[in-house]
Structure formats: structure tokens, C-alpha cells
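Good morning, and thank you for making time for this item. Please have the sequence and the coordinates open while I speak.

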Amino acid sequence: MARFELTDREWALIGPLLPDKPRGVARTDDRRVLNGIFYILRTGSPWRDLPERYGPYTTAYNRYNRWAKAGVWLRVFEALAAASPQSMQLIDSSIVRAHQHAAGGKKGGPDHAIGRSRGGLTSKIHVVVDESGLPVRLALTAGQASDKAAASTLLEQLPAAIVVADRGYDWQHLIDLVGQRGGQAHIPTQRDRKVQRSVAPEIYRKRNLVERFFCKLKHFRRIATRYDKLARNFLAAVALASARLWMRNYESTT
């Protein structure tokens, strides 16, 4: 088996989550196409450089793009993440540089979550991971966006739990929201506040789980650097990489 390709166990997990094949014209082998997509995500190669063993690059790109538009990749990730017990939810974000090919949109066009921050043109990936460091919610914003602005959206429709975050999420509205849902917020206050709120060290140390998630996520070179112009396509790449982490977890625990 070539590097980066799905194992039989991984394919058994993701295959049933893909859309049913339409009647009439046979669809190109899903497993081969998906292996090609993962090759591109993992290596960061241009689509035109896809090895021949994965078939025409246009087939892989069109499938990726069409299913990103239809929300298929996000639904695959959400289906795999549904197994998480979520007794703890850790929130954080990470900035990625946008390649010049991604930043070529027309001025005044739709928002594709690319902004200008200290690092240049960037996007920011927001995530909630569980007590095992596995992702359960994802979001994408421009690089200069506040972490607090995305936090409440990330927590929507998640079960009540212990929520852990760093000082960047010190926002009374967010703390109240967690409490109203029956959870507990463990978020330290900004250092300039008169009344300081501390977090037990053994709980705050759990934040390394979300930092380790981002390290694993950025092993996928097409995520470590953003090449996609469309926000939906880049978020689909993040969702697919996150789904792969879930599949590997299932494989290692069964």
C-alpha cells in the first residue's frame, strides 16, 4: 500500500458515509479518488501533480470541489466525531498563511476568510477538541478575527461539559453561556483585570491536547499553508484531515 492511502479499516469507516452512487453512469472508484485527495492534502502538491495511480487529477479535483460545495466532507467529519463523549471541551485557534494563489479573489467579492494580520494574508482555524484531543467542531475565519467571536458559535449544539480555554477567551458572555447550558468554564482572566479568576493547574494543563491536535493537523501540508481560494474548500480540507485523525483513532482502539 502506498503512503498516505486508506487502510482497509479506514475505508470501512468512511466508505459508508459517502453519497450513494447515482443510477446510470458508474462513478469512478471512490476509494482511489479519496486516496488521491488525501495524497494532495498530505503532500501539498498541486492537483496537476497527482500521481497516475490515482487516475486523472481532474476527477479527484472535481469530486473534492463538488462534494465540498455540497457539504459532504463536513458531514463525514461530523459523523465520525459523533462518537466523542465530550466530557471536556477545549477551545483554541491557529493561524495559517494564505498562499498568493489563495489570495487572488476580486475586491468586493464574497468573504473567503482571508484577512491581513501581523503575518500577512492569513486565515484562522478554530476548533473544539475533546478529552482525547480529537476534534468535534471546526470553524474558519480571517486571520485577524477575535477568538471570542467564534467561541459561542463553536459551542452551539454541543452537550454541556467542562470548557477549557486560554485568556484570549476571557469574555463574561461566553462564561455565562457555558454556565446557562449546565457546563463549567475554566478560563483565566486577562492579567489587567482587577478581579482575577484562576484555573486549577491540572485542568489548565489539558490545553496541550488542542495544541497537539494542531501539530497533527499541520502535518497535512495543504492545511499548514492555505492554497484554496474558497473558504468552503479550505474548511473541507480541514474537515477531511480531522476525519482522518478520527479514523486512525478508531483503528488504534479496535
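**Pocket, cores and helix faces**

The lining of the largest pocket divides into 6 nonpolar, 6 polar and 4 charged residues. I should state at once that this is a predicted model. The space in that pocket comes to about 410 Å³. Sixteen is the size of the lining, and W47, Y61, R222, Y227 and D228 are the lining residues closest to the centre of the pocket. Which helix gives the most to this lining? Helix α3, residues 57-69, does, with 4 residues.

I turn next to the interior. In soluble globular proteins, nonpolar side chains tend to be buried together. In this model the largest nonpolar core has 59 residues, and I37, W73, I125 and I223 are those with the most contacts inside it. Helix α10 gives the most to this core, namely 14 residues. There is also a second, separate core of 15 residues, and I91, A151, V163 and L174 are among them.

Let me stay with I125 for a moment. What does I125 touch, leaving aside residues up to four places away in sequence? The list comprises D92, S93, S94, V96, A139, L140, F214, L217, I223, F234 and V238. Two of the names on that list, F214 and L217, bring us to helix α8, since both are among its buried residues.

Helix α8 spans residues 208-217, and its buried residues are L209, V210, F213, F214 and L217. They lie on the same side of α8, because they cover an arc of only 140° around the axis. The general background is that an α-helix has 3.6 residues a turn, so residues three or four places apart point the same way. What covers the buried residues of α8? The cover includes the strands β1, β3 (120-129) and β4 (135-142), together with the helices α9 (221-224) and α10 (231-253).

Helix α6, residues 172-180, can be described in a similar manner. Its buried residues include L174, I175 and V178. These residues cover an arc of only 100° around the axis, and therefore they are on the same side of α6. Their cover includes α5, β5 and β6 (184-186). Just after α6, G182 takes a positive phi of about 90°.

Helix α5 deserves a further remark, as A150 is placed in it. A150 has a relative accessible area of 8%, and so it is buried, the cut-off being under 20%. Between A150 and V163 the C-alpha to C-alpha distance is 14 Å, and their separation in sequence is 13 residues.

Finally, I would draw attention to two backbone angles. A113 is not a glycine, yet its phi is positive, at about 60°. A113 is found in the loop between β1 (88-98) and β2 (115-117). Q157 is likewise a residue other than glycine with a positive phi, in this case near 65°. The place of Q157 is in the loop between α5 (147-155) and β5 (162-164).

Are these two residues buried or exposed? A113 is buried, because its relative accessible area is 6% and the limit for that class is under 20%. Q157, by contrast, counts as exposed, because its relative accessibility is 82% and that class begins over 50%.

That concludes my remarks, and I am glad to take questions.

Terms used: Residues are numbered from 1 along each chain as its sequence is written. This is a predicted model: local features need pLDDT of at least 70, side-chain atom pairs count only at pLDDT 80 or more; totals for chains, interfaces and linings use all residues. Side-chain values use heavy atoms; hydrogens and water are left out. Buried means under 20% relative accessible area, exposed over 50%, partly exposed in between (1.4 Å probe, protein chains only). The arc is that of the directions from the helix axis to the C-beta atoms. Contact means heavy atoms within 4.5 Å. A nonpolar core is a set of buried Ala, Val, Leu, Ile, Met, Phe, Trp, Tyr and Cys residues joined through side-chain atoms within 4.5 Å. On a 1 Å grid over the protein atoms alone, a cavity is a set of points where a 1.4 Å probe fits but cannot get out, and a pocket is an open set with protein on both sides within 12 Å along at least five of seven lines; lining residues have an atom within 4 Å of a point. Grid points are joined across faces, edges and corners, and a volume is the space filled by probe spheres set on the points. Ala, Val, Leu, Ile, Met, Phe, Trp, Tyr, Cys and Pro count as nonpolar, Asp, Glu, Lys and Arg as charged, and the others, Gly among them, as polar.
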